[in-house]
Amino acid sequence: MTHFKRISIFVLALICALPAFSQLYASKPRFKALVYYSDTAESAHVEFAEQAIDYFRHLSWGEGFILDQTTSLAGYTYDKLKEYTMIIAINASPGAGGERALFEKYMENGGGWLGFHAAAYNDANTGWPWYVKFLGGGVFYCNNWPPQPALLDVDTDASPVTRSLPSQFVAAESEWYQWKPSPRQNPDVEVLVSLSSRNYPFGIKDIVTGGDFPVVWRNKNYRMVYLNFGHGDREFLDPTQNLLVVNAFRYVASLDPSGDPFQ
Ligand code: ZN
């Protein structure tokens, strides 16, 4: 056998040992995601929504997934909504009437939700106990002001959402919400990232002086992850925070009851 032939056989064997590209490259979109946002909220929440939509559009390059967007769930039937592997709720939550019932049905039957910032806002006037339960039981308690960066603690490296993150990082500037009771007290909640107590006193005009401050968590009874940041137009400046967004998005999609779209 010539030297050339031996090299050719070696290269051929090497190629055969590699996974087929067809297993790695999607030939069609893997799933559909629906951005649900508000264009009538306070301007800083709309600015975040616009930037987040742009960020998720970039993630959909190559049509890895289909990204649709809406400012209202009113025009959706359950059958239409369940075509989406997840709703990306950006500073928006279902309004009165049919939207709430539709969202409950969607989530109670395996729907996915990736929520940002004011999507989880609720207080004494919200009047939707199911939503409070869905979010882990916390009601808005206080926030820092003005928006600022924050040192975050990663609570666990055992979750696909956090395992590629450092144990601490400084997140981009945001308005941060604290909740009472803390969702951490709920045994159904897994807290993934928290505001470090080393930030206290936290704020310039409105100052948070202490307390438990989860910022990313999931309710294990639902296919959901909540991320508390989402205020203003300077949120997508930190690559670690951006990686957290990608991880959380991918995690929610991966748990689709019809199968992991990335497999
Ligand atoms: Zn805000």
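Okay, aromatic pairs: there are 32 of them in this structure, and keep in mind that we're looking at a predicted model. Let me pick two. Trp128 and Tyr131 are stacked, with 4.5 Å from centre to centre and 5 degrees between the planes. Both rings belong to buried residues: Trp128 has a relative accessible area of 7%, and Tyr131 has 1%.

The second pair is Trp130 with Tyr222, and this one is edge-to-face, at 5.8 Å centre to centre and 80 degrees between the planes. What does that pair tie together? Trp130 sits in helix α6, while Tyr222 is in the loop between β10 (214–219) and β11, so the contact links parts that are 92 residues apart in sequence. Trp130 is buried, at 10% relative accessible area, and Tyr222 is buried too, at 10% relative accessibility.

Staying with rings for a moment, there are a couple of lysines to show you. The charged end of Lys80 sits over the ring of Tyr76, 4.5 Å from the centre of that ring. Then there's Lys180, lying over the face of Tyr141 at 3.8 Å from the ring centre. Lys180 comes up again in the backbone: its peptide bond to Pro181 is cis, with omega near -10 degrees. Pro181 itself is in the loop between β8 (177–180) and β9 (189–195). There's another cis bond to point out, joining Tyr200 and Pro201, with omega about -5 degrees. Pro201 you'll find in the loop between β9 and β10.

Right, on to the metal. Which residues donate to the zinc ion? On the protein side we have His45 through NE2, His117 through NE2, Glu175 through OE and His231 through ND1, lying 2.0 to 2.1 Å from the zinc. What about the geometry around the zinc ion, then? The angles subtended by the four donor atoms run from 98 to 146 degrees, and that makes the arrangement irregular. If you're wondering about the cut-off, four donors count as tetrahedral if all angles lie between 85 and 135 degrees, so the 146 degrees here rules that out.

Along the chain, the donor spacing reads H-x71-H-x57-E-x55-H. Take two of those histidines: His117 is in the loop between β4 (112–116) and α6 (129–135), and His231 is in the loop between β11 (223–227) and α7 (239–254), so together they tie parts that are 114 residues apart in sequence. Are these two buried or exposed? His117 is buried, at 0% relative accessibility, and His231 is buried as well, at 5% relative accessible area.

While we're in that β4 to α6 loop, have a look at Ala120, which is found there too. Ala120 has 0% relative accessibility, so it counts as buried. From its C-alpha to that of Asp256 is 22 Å, with the two residues 136 apart along the chain.

Now the largest pocket. Its volume is about 180 Å³. The lining is made up of Arg30, Phe31, Leu59, Trp61, Gly64, Phe65, Val246, Phe249, Arg250 and Phe262. Which element gives the largest share of that lining? That would be α7, with three residues.

Some backbone oddities next. Glu63 has phi near 55 degrees, a positive value in a residue other than glycine. Glu63 is in the loop between α3 (43–59) and β2 (66–70), and it's exposed, at 51% relative accessible area. Asn91 also has a positive phi, about 55 degrees, although it is not a glycine. Asn91 lies in the loop between β3 and α5, but here the residue is buried, with a relative accessible area of 5%.

The β3 to α5 loop also holds Ala96; the strand there is 86–90 and the helix 98–108. Ala96 is at 70% relative accessibility, so it counts as exposed. Its C-alpha is 39 Å from that of Ser164, and those two are 68 residues apart along the chain.

Let me finish with the whole chain. It has seven helices and eleven strands. The C-alpha trace spans about 80 × 45 × 35 Å along its principal axes. And of the 263 residues, 51% are buried.

Definitions and conventions: Residues numbered from 1 in each chain as written. Predicted model: local features only at pLDDT ≥ 70, side-chain atom pairs only at ≥ 80, totals over all residues. Heavy atoms only, no water. Donors = N, O, S within 2.8 Å, 3.2 Å for Na, K, Ca; no water. Tetrahedral: all angles 85-135°; square planar, octahedral: opposite > 155°, others 65-115°. Helix = DSSP H or I, 4+ residues; strand = E, 2+ residues; numbered from the N terminus. Buried < 20%, exposed > 50% of the residue type's maximum accessible area, 1.4 Å probe, protein only. Phe/Tyr/Trp six-rings, centres within 6.5 Å; stacked < 30°, edge-to-face > 60°. Lys NZ or Arg CZ within 6 Å of the ring centre and 35° of its normal. 1 Å grid on protein atoms, 1.4 Å probe; cavity = no way out; pocket = protein on both sides within 12 Å on 5 of 7 lines; lining within 4 Å. Points joined across faces, edges and corners; volume = space filled by probe spheres on them.
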